[in-house]
Number of protein chains: 2
Amino acid sequence: MGSTQQDDRPSATERRRGELLEAADRVVLRDGPEASMNAIAAEAGITKPILYRHFGDKSGLYRALAVRHTDALLDSLRAALDAPADRRTRLERTLETYLAAIESRPQVYRFLMHPAESGPAADSGFDIGRHTAPLLRRLGEELAEVISERLDPGTDDVAQARVWGHGIVGMMHAAGDWWLRERPCARAELVRQLADLLWGRLATSPNRPQGPGF
Amino acid sequence: MGSTQQDDRPSATERRRGELLEAADRVVLRDGPEASMNAIAAEAGITKPILYRHFGDKSGLYRALAVRHTDALLDSLRAALDAPADRRTRLERTLETYLAAIESRPQVYRFLMHPAESGPAADSGFDIGRHTAPLLRRLGEELAEVISERLDPGTDDVAQARVWGHGIVGMMHAAGDWWLRERPCARAELVRQLADLLWGRLATSPNRPQGPGF
DNA sequence: ACTGCGTGTTACCGAAAGTAACAAGGTGGG
DNA sequence: CCCACCTTGTTACTTTCGGTAACACGCAGT
């Protein structure tokens, strides 16, 4: 507090921190989320304690790393989500953007979804989902915002927007995860089928003629 | 091989294994997924090497544990999914069942979703999602089966059923995870809103009158 | 020149996964 | 009767990794 410097340009420390993050990024993308702090330090050309001075602990480093990628992905998704197009087109573009992202850089995707912060925290309280990637939560909230901005609030509760936001994001995530592993179809096909699902096709599809009914 | 015994009743070894699993279950539900093998062994009244003889390694133990709970949950979900009722009712009952399960035993839920198997495997290949809980995959396949059983296959590709299965499961999971953490509404409310979403309400809801349009 | 501060080091601690190597108890075959 | 054999159990060890203490260099500003 009280620094006369406006610090618009990064201080030396901040630049160093950025360099360390880039080194960490290289290692994590090469070795996966279980990369050791020693390996990261070695890649950066230094030793462990410096990492700890900058990031506190491993979770801190990983959080900083995740924020970077998450911000980048969120930016491109926001663009697709806010584009001036009709609802269905925007949905398809957003799905497309997400799937293209996870397809082109699966290691990043894997890291973001599985931070694997297995700290010896010995937390006695069961805070569910402390390990789940914050990316999905942020995305869900973001989408909820867009939904409640665009949809008539009289349509239903405002809470509906948040449920839908998280629900849709979860659908996208799970389908994307499965698709990335099994590659059962082209990306465009997946996009269309998910959009169809959200467009109410589940409700209107006919039953099998001779099936178990309903 | 070649045992004349039909081994319908559990052998002594299998019974022991079951006891160990129950002890592990107690510890994991008390301490979370980061419970140490020592702690589990202590709870079972024995020492580590025995656990390793029975389960190979920590992942093995956790897998065995997860299979138990997953099977139990899948059984109750199958019941709701296959019940003789109309499509919407079945959907709502299934959502209800799932949410009730994760609500009543959040520790089990947390364990199943975050196995945290951080083995020193040093796998050079990036098999995405090796860490994700198999529960969701199994559930997705299960639902896909039900969908393709019941829906007219002429409606669209058979592949559609799998996309929808995984997508719907992901929606349920993400919404449930968020709901469990924030508790923004009653369970029945959440069920209704998710069902509405899948019933095409996203497509038919009107825009805000003065909003950004579309 | 002295005082800080940020950067860097080596050397260590503690916890946890995983692994010998060895001991004890029961069981069937000679 | 006794010996091999299998299962259960132990103690004691290695390795790896997250995290920390203590110390050393370089470079501002006063």
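## Two DNA strands and the protein around them

Near DNA strand D, the surface gets at least two residues from each of these elements: α3 of chain A, and α1 (12-31) and α3 of chain B. Helices here are DSSP runs of H or I with at least four residues, strands are runs of E with at least two, and both are numbered from the N terminus. A residue is near a strand if one of its heavy atoms lies within 4 Å of it.

Some ground rules before going on. This is a predicted model, where local features need pLDDT of at least 70 and side-chain atom pairs count only at pLDDT 80 or more, while totals for chains, interfaces and linings use all residues. Residues are numbered from 1 along each chain as its sequence is written, chains are lettered from A and ligands numbered from 1 in the order in which they are written, and side-chain values use heavy atoms, with hydrogens and water left out.

**Strand D.** There are 15 residues around DNA strand D, and A:Lys48, A:Tyr52, A:Lys58, B:Thr47 and B:Arg53 come nearest. Sugar or phosphate makes up 43% of the strand D atoms within 4 Å of the protein, and bases make up the rest.

**Strand C.** Here, too, 15 residues sit around the strand, with A:Thr47, A:Arg53, B:Lys48, B:Tyr52 and B:Lys58 nearest. Of the DNA strand C atoms within 4 Å of the protein, 48% are sugar and phosphate. The surface near strand C splits into 7 nonpolar, 3 polar and 5 charged residues. In that count, Ala, Val, Leu, Ile, Met, Phe, Trp, Tyr, Cys and Pro are nonpolar, Asp, Glu, Lys and Arg are charged, and the others, Gly among them, are polar.

Here are some polar contacts with the DNA, meaning pairs of N or O atoms within 3.5 Å.

| Protein atom | DNA atom | Distance |
|---|---|---|
| A:Arg16, polar side-chain atom | strand C, phosphate oxygen | 3.2 Å |
| A:Thr47, side-chain N or O | strand C, phosphate oxygen | 2.4 Å |
| B:Lys58, polar side-chain atom | strand C, phosphate oxygen | 2.6 Å |
| A:Met37, backbone N or O | strand D, phosphate oxygen | 3.0 Å |
| A:Lys48, polar side-chain atom | strand D, base oxygen | 2.5 Å |
| A:Lys58, side-chain N or O | strand D, phosphate oxygen | 2.4 Å |

**Confidence.** Chain A averages a pLDDT (the predictor's confidence in each residue, from 0 to 100) of 84, and 81% of its residues score at least 70. Residues 1-7 of chain A fall below 50 and have 0 contacts (heavy atoms within 4.5 Å) beyond near neighbours in sequence. Residues 117-131 of chain A are also below 50, but that stretch has 24 such contacts in the model. Where pLDDT is low, the predicted coordinates should not be read in detail.

Conventions. Polar contact = N/O pair within 3.5 Å; in protein donor to acceptor, adjacent residues only side chain to side chain.
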